[in-house]
Number of protein chains: 2
Amino acid sequence: MDEQPGPRERIVRTAAALFLARSYTGVGIAEICVAADVRKGTLYHFFPSKAEIGRAVLDWHAAAFDRHFTRAERDSGEIGALVGAVTRVQTGMEGRFGRIVGCPMGNLAAELATTETGIREHLAGIFAAWEARLAVACGRAGAAGTLRDGVDPQRMARTLLAQVEGAILLAKAQDRTAAEIVADVDGVLRLHLRPEVTA
Amino acid sequence: MDEQPGPRERIVRTAAALFLARSYTGVGIAEICVAADVRKGTLYHFFPSKAEIGRAVLDWHAAAFDRHFTRAERDSGEIGALVGAVTRVQTGMEGRFGRIVGCPMGNLAAELATTETGIREHLAGIFAAWEARLAVACGRAGAAGTLRDGVDPQRMARTLLAQVEGAILLAKAQDRTAAEIVADVDGVLRLHLRPEVTA
């Protein structure tokens, strides 16, 4: 039997889904309370401000992405893990929402980075952590001789992360599929690998 | 002596700046009227809905980007024009706003694609036009023998566009500079070119 999640987790999950379906600014506290079935006082007990809900939602998504990445590393190896994790996450959200709704981090970055400093800084930390994790994988691929001559692992990590965010954003705008996002990211990964590795 | 722009153009320019500085949802019609120095009735005469202001702002940005691209083609050649246009546009906005505020198209795509169908479709058309223009440039580079073996010009165009959007989005989140965005896009362009071309 599933245990009913507690009020804090219900708030975070509900806000995460509403922000993805619409936007951060477009969703009100009262609506989150109704959908999560909590009283306003309970919500403010856990989250004194909407920005704190935003940060908790980002942490929740980041932790989920990390878990998918770790699982994908086991399935597809370290250098293919990003493509595997993006496949899992975007296909999952496509199924749940019936369309591409964007990257939860990218969405809030685009909407809030100029106005909500705390959220921007939180996002910067999450993106930096991903870039660092990717750079380790790219560095190991370089040491194993699978990267083309002249490829810098740090720049490769940054390029891959930018491609993920850009491909998801364009798919959201152009109503494309998760499979097309995956093909875009995989294409850029392959540009960095020796042709004999990708053949 | 500069001629004072008419009310329609003042509304579009003002809304464009306010949307970039904050977001679409975060800016109200009343505020646009005050900042553009027009009455509400005048605004509604030109734009019966906020979404129509959004579309006009997107057209205004897209036309500006096209002009920068055309100028960059003359300066840097067709295949370098994207990097040149991104340099001009992002450096210009960085100077005006004092920070990276995002791609005007990408920002509205992230914020509105799931809720404002008319704006999403408008954005999809603008992105498709850019992709087509880039694909022509990539196709000509391929015919001239400057692309690596196996590079598909259509996919290359899509990759470049995604990289532009992703690099700008990450720069906005991580408070990076226009110069870093340009380096990211240039790096991905070079991955597609024969090494002897980029040396």
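## Rings, charges and a covered helix

In chain B, the charge of B:Lys50 sits over the face of B:Tyr24, with 4.4 Å to the ring centre. Keep in mind that this is a predicted model. Chain A has its own such contact: A:Lys50 lies over the face of A:Tyr24, at 4.4 Å from the ring centre.

On to the ring pairs. A pair of aromatic rings is described by the distance of the centres and the angle of the planes. Over all chains, the count comes to eight aromatic pairs. One of them joins A:Phe65 and A:Trp130, and that pair is tilted. A:Phe65 belongs to helix α4 (residues 50–76) of chain A and A:Trp130 to helix α7 (residues 117–143) of chain A, so the pair ties together parts that are 65 residues apart in sequence. Over in chain B, B:Phe19 and B:Tyr24 make a tilted pair too, because their planes meet at 50°, and planes from 30 to 60 degrees apart count as tilted.

| Pair | Centre to centre | Angle between planes |
|---|---|---|
| A:Phe65 and A:Trp130 | 4.7 Å | 45° |
| B:Phe19 and B:Tyr24 | 5.1 Å | 50° |

How buried are these rings? A:Phe65 is buried at 11% relative accessible area, and A:Trp130 is buried at 10%. B:Phe19 is buried with 4%, and B:Tyr24, the ring under B:Lys50, also counts as buried at 4%.

The A:Phe65 and A:Trp130 rings have company: together with A:Phe69 and A:Phe127 they form one aromatic cluster.

Finally, helix α6 (residues 104–112) of chain A is mostly covered, with nine of its nine residues buried. Among them are A:Met105, A:Asn107 and A:Glu111.

Technical notes
Residues are numbered from 1 along each chain as its sequence is written. Chains are lettered from A and ligands numbered from 1 in the order in which they are written. This is a predicted model: local features need pLDDT of at least 70, side-chain atom pairs count only at pLDDT 80 or more; totals for chains, interfaces and linings use all residues. Side-chain values use heavy atoms; hydrogens and water are left out. Buried means under 20% relative accessible area, exposed over 50%, partly exposed in between (1.4 Å probe, protein chains only). Helices (H or I, at least four residues) and strands (E, at least two) are DSSP runs, numbered from the N terminus. Rings of Phe, Tyr and Trp (its six-membered ring) pair if their centres lie within 6.5 Å; planes under 30 degrees apart count as stacked, over 60 as edge-to-face and the rest as tilted. A charge sits over a ring if NZ of Lys or CZ of Arg is within 6 Å of the ring centre and within 35 degrees of the ring normal.
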